[in-house]
Structures are given as structure tokens and as C-alpha cells.
Amino acid sequence: MPVEFLGIAATGDGSETTARTTASFDRDYTLRLARAHEDHGWDRVLFAYGAGAPEPAAAAAFLASHLDRLQILLAHRPNVSYPTFAAKTFATLDRISDGRLTVHFITGGNDHEQQREGDFLTKDQRYERTREYIGIVKKAWTSREPFDHEGPYYRFNDFVSDVFPVQQPRPAVSFGGSSDAAYAAGGAEADIYCLWGEPLARTAEQIERVKEAARAAGRTDPPRIQVAFRPIIAPTEELAWEKAHRTVAAIRARRAADRPEGAGSVDAVPENTGSRRLIEIAEAGERYDRALWTPTAAATGGAGNSNALVGTPETVAQALLDYYDLGVDILSARGYHLLDDAIDFGRYVIPIVREEVAKRDAARAEAERAARAERDRHQLIAAQA
């Protein structure tokens, strides 16, 4: 199966290790970073969402109007707009990008972050709302006739859009999470299910949970699987590990500098299941499998995509192929120096992975051809007998 690479479409140059030197939305930096991805073999970039951050749909439209090939993954929180309006926004953006849009729906794993923009629902209520929201958006993308809707969270009459996506029947829907409610919602609605990088055995368990949820929802086509990592690469293993330890030191220093005076040193336990899983894994050990390293996640308190893959480009590529062999076909990667790391990863890691995937695909096709030939031979022998 094909493999795809997802990078980050940041609108400023800050990261967990470095304070931002640009404006929160810097046109030149946004375009420079995106072009680095497009020119170095990446397939798409994520426009993330945060309360108070630049509005991602507008930033994505800016990018789409300047680049011709790079695809867009747009993060969206259902609490920030009505679903019919969102459906028109997404369809318009798919038109601007000529069919390069995927939408990533975020239910929200932190009450305080959700409440910053007026969302006071409980976590379970948010998941119920997200499922209803996605259903409305899908119908608005595909229905040429007016329709009514009356559900727990949304009610309207006689809606029909006058703008439809380029992609038919609709753009893909992306979803993520590690709780039972997340598996149920994403298994039912998602075309792509997103996971944070965990050890191989735990990732395999999550993939099976997603498939089980899809089957429970009556689907025969489970979502594709995406897994996200923070690669730390260097020409030698020794240099890569030195870089990794410098990175963790920089994360800790930045967090200490940003901590309000008198706030203490103990971080609160995260509300969302995914972050709690990352902390649990980090507490159980620092290194897993071929190259997975957890201190970066521990240093951030399990914040989002934070487990690293450490080593030479060859080591990191082979680690990514281990996940590909589990059934992961979208690999998300983001370094700590956004621009330089996107270029290095594209130059030195992506080509290795693509070459090895091509070899696997060719071997699989040859095995299937040989199996068909053997079946045909047996059928011929049986018919002659």
C-alpha cells in the first residue's frame, strides 16, 4: 500500500525548544516552511488549532493559493462554528486548493482549553456533538437537495449548500483519540484515524481497537491509520543521542521559563487519555523497540505528539517501516527546528522509507501473482482429471 508523510504547517517559528521570533501569523515564514515540505517529498501538512492561535482555515487558504501540490490537513473544533457554515468553509477551501483538503475534527481533551472559546460541555457530550457534527458536514457536502436536521445539539430546516467540494463524493475526514468514546466516534465516522507514537505493541492494540469500533458501527472499510512522532536525526547514532538529550534539556528550560512565578514544579495530570498514556509509557521506560524515546513526552507532560524517534536517518526510517508493517500508512513527523528538520527529514528519511515500501509492494504483488498462478494450475489439473 502507498505511504504518505504529514508535516506541520506552522504560521510562526516557535517550538517546544525555541521561543517564537516571528509574528503569530507570518506570511513569509508560513510559505517558506510549506515550500520546504513540498520541495522535499512530503505529501501534506497539518494546520493545527488552538484557542487564540491564527485561524487555520484562512491560513490554509493562503497556502493553497500559493502552492500547487502540497495537500492540507485542516484541524477544526466543532464548538467554534455551526456545522452548515463549516461545511461551506471546507468546500470553499477544497475549491481553492483544487481538491487537496482533508479535515481533522478535534473533540477537545482539555476542559480549560475548550472553555476559552465558550465550550462548557463535558467530554462525553463533546464526543456526541462531534459525531452529530461530522454527519451534518458530510451530508452538506453531498446533498443536492434541501434537508432538515433535528438532533441533540443542532437543529435547522431546509438547508442546501451552493458550494461543493472538488473531491467526490467528499473530502476525507480525519479523527483521533485514545479513549473508548474516541474509538467509537472515529471508528464510525473517520476515513483516517490518528494516533500518537507509542511502542509497537501498544500501537497494534490501538489499531485493533479502531478496527473493532468500525466493525461495531457496521463498516467493512476501517479507517486508514496515521501515527505521529518527533524525529531527532543526525549523521551518527552518537550525534543523534547527543542531540536528543540537548532537545530535552531545551524543552525543560523553556517550560521552566514559561511557568508563572510560584506555580511550583509539579504538572497536573492531563485530562485526555492519550496524554495519560504517553506519561504512563514514559514512566515505564525511556527506550522502546528500535528507536522510540519517551523523555521528550515526559518533559512536556505528555503534551500531544511528543514521543521521539532517535537515530541516524537509516535507523529512524527502519523504525517508521516497523509501523508501516503494522498497517500504518500515514506517517506524521515534526522536528523541533521546524524548517531545518522538515528539510533534513525530507532529504534523508523519506526517500529510504519510500524505497523500502516500494520493495515491499513489489514483493507482495509478486507473491500474489505466484499464488494466483498456483491456484490456476490446480484448477486446470482438477478440470483435466
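Contact, as the word is used in this report, means heavy atoms within 4.5 Å. The model described here is predicted: local features need pLDDT of at least 70 and side-chain atom pairs count only at pLDDT 80 or more, whereas totals for chains, interfaces and linings use all residues. Residues are numbered from 1 along each chain as its sequence is written, and side-chain values use heavy atoms, with hydrogens and water left out.

**P146 and the segment it touches**

P146 lies in the loop between α5 (123-142) and β5 (147-150); helices (H or I, at least four residues) and strands (E, at least two) are DSSP runs, numbered from the N terminus. Leaving aside neighbours within four places in sequence, P146 is in contact with D158, F159 and V160. P146 and S161 are 15 residues apart in sequence, and their C-alpha atoms lie 8.1 Å apart in space. With a relative accessibility of 42%, P146 counts as partly exposed; buried means under 20% relative accessible area, exposed over 50%, and partly exposed in between (1.4 Å probe, protein chains only).

**Backbone features**

Most residues other than glycine have a negative phi, and most peptide bonds are trans. Two aspartates with positive phi are set out below.

| Residue | Phi | Place | Relative accessible area |
|---|---|---|---|
| D158 | near 60° | strand β6 | 55%, exposed |
| D289 | about 55° | loop between β10 (287-288) and β11 (292-293) | 48%, partly exposed |

A cis peptide bond joins Q168 and P169, with omega about 5°. P169 lies in the loop between β6 (155-159) and β7 (172-176).

**Nonpolar cores**

In soluble globular proteins, nonpolar side chains tend to be buried together. A nonpolar core is here a set of buried Ala, Val, Leu, Ile, Met, Phe, Trp, Tyr and Cys residues joined through side-chain atoms within 4.5 Å. The largest nonpolar core has 82 residues, and L320 and V353 have the most contacts inside it. Not counting residues up to four places away in sequence, V353 touches V3, F5, A317, L320, L321 and L331. Apart from the largest core lies another core, of twelve residues, among them I232, A244, V248 and A308.

**Helices α7 and α13**

V353 also belongs to the buried residues of α13, together with I350 and V357. What covers these buried residues includes β1, α11, β13 and α12. Helix α13 (residues 350-384) has 35 residues and reaches 51 Å from its first C-alpha to its last, close to the 51 Å expected at 1.5 Å a residue; the expected span is 1.5 Å times one less than the number of residues.

Helix α7 (residues 200-216) has 17 residues, which should span 24 Å at 1.5 Å a residue; its end C-alpha atoms are 24 Å apart, which agrees. L200, T203, Q206, I207, V210, A213 and A214 are buried in α7. Seen down the axis of α7, its buried residues fall within an arc of 140°, so they line one face of the helix; the arc is that of the directions from the helix axis to the C-beta atoms. On the other side of α7, A201, E205 and A216 are exposed. The cover over the buried residues of α7 includes α6 (180-189), β8 (192-196), β9 (224-233), α9 (273-284), α11 (313-326) and β13 (328-333). α7 is followed by G218, whose phi is positive, near 85°.

**Cavities and pockets**

On a 1 Å grid over the protein atoms alone, a cavity is a set of points where a 1.4 Å probe fits but cannot get out, and a pocket is an open set with protein on both sides within 12 Å along at least five of seven lines; lining residues have an atom within 4 Å of a point. Grid points are joined across faces, edges and corners, and a volume is the space filled by probe spheres set on the points.

The structure holds two cavities of 30 Å³ or more. The largest cavity contains about 100 Å³ of space. It is lined by 16 residues, of which P231, G335, D341, A342 and F345 are the closest to its centre. β1 (4-8), β9 and α12 (338-348) are the elements that give two or more residues to this lining, and the largest share, five residues, comes from α12.

The second largest pocket has a volume of about 150 Å³. Of its 13 lining residues, E55, A57, H76, V80 and S81 lie nearest its centre. The elements that give two or more residues to the lining of this pocket are α2 (56-64), β3 (71-76) and α3 (83-96), and α3 gives the most, with four residues.
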